[in-house]
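Biologist: Could you take one part of this model and go over it closely with me? Plain bench language is fine.

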Amino acid sequence: MADGGVGRASALLASGTLVSRVLGFVNAIVLAGAIGYIGAAADGFTLATQIPNSIYALIAGGLLSAVLVPQIVRAAVHEDGGQQFINRLITLGVVVFLVVTVAATLASPLLVDLYAQSGERGFTADGIALAVALSYWCLPQIFFYSLYSLLGNVLNARNVFGPFTWAPALNNVIAIAGIGVFILVFGPDPAHRDASTWTPGMIALLGGTATLGIAVQALVLTLFWRRAGLTFRPDFRWRGVGLGRVGSAGAWVFGMILLTQLAAIVETRVATLATGSASLGVLKYAWLVFMLPHSIVTVSITTAYFTRMSAHARDGRLDEVRSDLSAALRAILLIMVFAAVGLAVLSLPFSAIFGGRFEDVAALAAVIAAYLLGLIPFTVVFLMQRVFYSLDDTRTVFWLQVVHSVTFVAGVLLVAMAPTTVIAIGIAVCMSLASLLQMVVSAILLRPRIGGLDARHVALRFVQYFGSALLAGGVGAAVTWFLGGYSDGGFGSSSRVGGILTMIAGGTAMAIVYFGVLWVIRNPELRAFAEPIRSRLGRRTTE
């Protein structure tokens, strides 16, 4: 894929992800208006939707994106263009996903007990019952999440990028509609914070529409199969086209994801000790804010580069892999450094968008800020992992995850002894510190594999970005303070409208300063990004 192709693919991915994320935030805001983000109902629904996500990640998520894209690229040199490999792979995937989904749904009470603490510090009996009931409706999401990931990664490997990033928009539209009906029929928050007030109809409506949206998200991808030059026929002959190689590589990825999910169980059980204050619901909303720039920028650019890096690694062109890594890092950090500083400055008015009392808003903002400490390391690790995957090295990624998980779990177990009011903040800080350590170790191990990291070039750009972002952050903090974004009852912290307007004002001021400084110092990444826009505007003025 040429540089222009990567740019176009990245733009397509980013646009689809941006629309999906905007709708995802609307979904979250509407959900907070229905059941809040602090209390038994919010924590119960968060747990019910987290369990299928965790199981999906274990059986499919990382394995599909990390292992199958390089394997599908390699299978493309087969006489049939990889069609037989893909047919057998999808058939096997559907069978495995269905079996696991049925088993997990039947085991819903056991899974809730595994993930949640109950008792004096933790879920009440009514809270556990609500989480189990919602889980019966939500656990079928395992099948549809897995199918979506499988089909989407096949399309990505065939350079059909758009559907995978645009399909979640349909999911969010359906979920928003379901929550809207819920509010109309049963009323808004705080009427449902008490788990004992929930009825079977409420559970079916909220859980059922959540699962319906994910089903549509997966099934719509089948409409784009022919665009990728594929036709699907079930094929149960799973030998002879290289699936053994997938299994060998996938074993390390499975081990990595297993570690991640074991750490997630520890995290969730510790977080549920704080049910009634900042707990699972707050961590979910804070993570949503944290993942916004990552999913729009990092995932979009990395996904487009990943297929190219896999092809370069297949052909032994490690200098091209190193060049891709450097270019991707410099492009990603241009936005991510600004996002980390800007979101930290605006964390309180951002939290006000989700509603609630000032103390609830402040609690959410503190967790967001704690997560943002690790945004840059998290981003760099994500990209470096894809370099290892392109080199068909999943073993190293497993050991890197061991470093992260051991560090994170040790920290979270210490946090369990803290007062309930700071448990969520402590968990977020542990995640940031573990990501920082993982980034350092990843860089040390990757450097000799590809003959260097172009670290001096990347570090110079990071210093430019970070210095500009600090100046911009100071301006943004002044604007936010002036608009009452940091005070109880202030314009920027006491309402959704105030929070949105304060974010617009503060974010605009920061963007002007940040990009203005980089433009003055002639930052090449910013100028490369802006040049096509300037050229197009110039052509229009001369027409």
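What follows is my request and one long reply. Which residues of α14 and α15 make the contact, and what lines the second largest pocket?

Modeller: Happy to. This is a predicted model, so local features need pLDDT of at least 70 and side-chain atom pairs count only at pLDDT 80 or more, while totals for chains, interfaces and linings use all residues. Numbering runs from 1 along each chain as its sequence is written, and side-chain values use heavy atoms, with hydrogens and water left out.

Some background helps. The chain has 19 helices and zero strands (DSSP runs: H or I of at least four residues for a helix, E of at least two for a strand, numbered from the N terminus). Its 543 residues are 57% buried (buried is under 20% relative accessible area, exposed over 50%, partly exposed in between, with a 1.4 Å probe and protein chains only). Among contacts (heavy atoms within 4.5 Å) between residues at least 6 apart in sequence, 84% join residues at least 24 apart.

Now your part. Helix α14 covers residues 375-390 and helix α15 covers 394-415; their axes come within 8 Å and cross at roughly 150° (lines fitted to C-alpha atoms over the stretch in contact, angles from 0 to 180 degrees between N-to-C directions). That makes the two helices roughly antiparallel (over 145 degrees; under 35 is roughly parallel, 65 to 115 roughly perpendicular, the rest oblique). On the α14 side, the contact is made by Q385, F388 and Y389, and α15 answers with T394, T396, V397, L400 and Q401. Sorted by class, that's four nonpolar, four polar and no charged residues (Ala, Val, Leu, Ile, Met, Phe, Trp, Tyr, Cys and Pro are nonpolar, Asp, Glu, Lys and Arg charged, the others, Gly among them, polar).

The loop between α14 and α15 holds D392. Its phi is near 60°, a positive value in a residue other than glycine. Most residues other than glycine have a negative phi. D392 is partly exposed, because its relative accessible area is 28%.

Helix α14 also helps to line the second largest pocket, as do α11 (318-345), α16 (423-450) and α17 (455-482), each with at least two residues. (A pocket is an open set of 1 Å grid points with protein on both sides within 12 Å along at least five of seven lines; a cavity is a set where a 1.4 Å probe fits but cannot get out; lining residues have an atom within 4 Å of a point.) The pocket's volume is about 330 Å³ (the space filled by probe spheres set on the points, which are joined across faces, edges and corners). It has 13 lining residues, and V380, M384, M439, A443 and V458 are the closest to the pocket's centre. The biggest share comes from α17, with four residues. By class, the lining is 13 nonpolar, no polar and no charged residues.

For contrast, try the second largest cavity, one of two cavities of 30 Å³ or more in the whole structure. It holds about 30 Å³ of space, and L31, I35, G36, A42, F45, T46, G281, K284 and Y285 line it. Helices α1 (3-35), α2 (40-75) and α10 (280-314) each give two or more of these residues. This lining has five nonpolar, three polar and one charged residues. T46, found in α2, touches L280, G281 and K284, leaving out residues up to four places away in sequence. T46 counts as buried because its relative accessibility is 6%.

Two other loops are handy to set beside the one at D392. In the loop between α18 (496-520) and α19 (524-542) you'll find R522, where phi is again positive, near 60°. R522 is exposed, given its relative accessible area of 58%. The loop between α7 (162-186) and α8 contains P190, which is joined to D189 by a cis peptide bond with omega of about 15°. Most peptide bonds are trans.

The helix after that loop, α8 (residues 200-219), contains A218. A218 is buried because its relative accessible area is 0%, and it touches F144, L147, Y148 and L151, again skipping residues up to four places away. The C-alpha atoms of A218 and F143 are 9.3 Å apart, though 75 residues separate them along the chain.
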